[in-house]
Amino acid sequence: MKLPIVKYGDPILRARGKPIAKTDERIRALVSDMLETMHAANGVGLAAQQVGEALQLTVLDISGVEDRPSTLKINGKNVEPVVAMPLVLINPELTLNGERVLGPEGCLSFPEINADIFRSEWVRAKAETLEGETVEIEASGLLARALQHEVDHLNGILFIDRMNSAAKASLSSRLKRLQKETQGQ
Ligand code: ZN
C-alpha cells in the first residue's frame, strides 16, 4: 500500500527514531509499504519518519539513477550496487569517512526543493536486515550520499540543516510556505 509522504512542517520529521527491537509482522508490512511508496515517488531513499513512524528504519534504492555512480561492499565483498537494491536497513549506525564532497540533493518531504550539500565521500554502515542478520555495508558515490541523508532523517536531521546559510536564505520563503501548507492540513 502506498502511504502519504509527510512534508516539511510536520513535527514527526524532527523526531528521533526509536530502535526496532523485533522485526515482526507490523515492521514487515511497513517496509513493504515504504518500498512501494518510495518507488512510486521515484525516490532513492525513504525514512520511517517520512511516512509518520519515528523508528530506526530506512529503505534505499539507487538503481533508477544511471548518471551518478556508486560502489558497494556488503560484509567486505564487492557487490554490484544495482543487484543489491533495494536495501532495507534497521537500526543503522553510520561511520563517515573520506573527503567531504559537494553534490545535489533533494528530499521527498521537500517537493521541488534541491540544493548542493557537503557529504562524506564514503561511509560504513552497520545495520540489521529484515531477516534479523547484522550486515556491514561500505558505500561511496550516490549511495553514500543517500545513506547519510536517510540516517540523518532517523535522527530528526533534515537536509536543510546541512545547507550553507546562503542556500537556506534563498529558499527561506519557499520553506516557510511549505511549512504553512503542511501545518494548515
Ligand atoms: Zn529526505
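Hi everyone, let's start with a pocket. By class, the residues lining the largest pocket split into 9 nonpolar, 8 polar and 5 charged. That lining takes in 22 residues, and the ones nearest the centre of the pocket are Val44, Glu105, Gly106, Cys107 and Leu108. The volume of this largest pocket is about 380 Å³. Please keep in mind throughout that we are looking at a predicted model.

So which elements build the wall of this pocket? Strand β5, strand β6 and helix α3 each supply at least two residues of the lining. The largest share, 6 residues, comes from α3.

Let's follow that helix for a moment. Helix α3 covers residues 142-154, which is 13 residues. From its first C-alpha to its last it reaches 19 Å, close to the 18 Å expected at 1.5 Å a residue. Is α3 mostly covered or mostly open? It is mostly covered, with 13 of its 13 residues buried. Just after the helix you will find Gly156, which takes a positive phi of about 75 degrees.

Now to the zinc ion. Which protein atoms are its donors? They are SG of Cys107, NE2 of His149 and NE2 of His153, lying 2.0 to 2.2 Å from the zinc ion. Along the sequence, these donor residues follow the spacing C-x41-H-x3-H. Cys107 sits in strand β5 (residues 87-107) while His149 sits in helix α3, so this pair ties together parts that are 42 residues apart in sequence. Both Cys107 and His149 are buried. You may remember Cys107 from the start, as one of the residues nearest the centre of the largest pocket.

Next, the salt bridges. The count for this model comes to 8. One of the partners is another residue from our first pocket: Glu105 pairs with Arg119, and their closest N and O atoms are 2.8 Å apart. This pair links distant parts of the chain, with Glu105 in strand β5 and Arg119 in strand β6 (residues 110-128), 14 residues apart. Are these two buried or exposed? Glu105 counts as buried because its relative accessibility is 6%, and Arg119 counts as buried because its value is 4%.

A second salt bridge joins the side chains of Glu138 and Arg124, at 3.9 Å from N to O. Here Glu138 belongs to strand β7 (residues 134-141) and Arg124 to strand β6, again 14 residues apart. Arg124 has 32% relative accessibility, so it counts as partly exposed.

The third one I'd like to show you brings us back to α3. Asp152 forms a salt bridge with Arg162, and the closest N and O atoms are 2.8 Å apart. Asp152 lies in helix α3 and Arg162 in the loop between α3 and α4 (165-170), so the pair ties together parts that are 10 residues apart in sequence. Asp152 is buried, at 8% relative accessible area, whereas Arg162 is partly exposed at 41%. Through shared partners, salt bridges join Glu105, Arg119, Arg145, Asp152 and Arg162 into one network.

Let me finish with one more pocket. The second largest pocket holds about 300 Å³ of space. It is lined by 18 residues, and Leu94, Gln148, Val151, Asp152 and Asn155 lie nearest its centre. The elements giving two or more residues to this lining are β5, β6 and α3. Here β5 gives the most, with 6 residues. By class, this second lining divides into 6 nonpolar, 6 polar and 6 charged residues. Thanks for listening!

Definitions and conventions:
Residues numbered from 1 in each chain as written. Predicted model: local features only at pLDDT ≥ 70, side-chain atom pairs only at ≥ 80, totals over all residues. Heavy atoms only, no water. Helix = DSSP H or I, 4+ residues; strand = E, 2+ residues; numbered from the N terminus. Expected span 1.5 Å × (residues − 1). Buried < 20%, exposed > 50% of the residue type's maximum accessible area, 1.4 Å probe, protein only. Donors = N, O, S within 2.8 Å, 3.2 Å for Na, K, Ca; no water. Salt bridge = Lys/Arg side-chain N within 4 Å of Asp/Glu carboxyl O. 1 Å grid on protein atoms, 1.4 Å probe; cavity = no way out; pocket = protein on both sides within 12 Å on 5 of 7 lines; lining within 4 Å. Points joined across faces, edges and corners; volume = space filled by probe spheres on them. Nonpolar A, V, L, I, M, F, W, Y, C, P; charged D, E, K, R; others polar.
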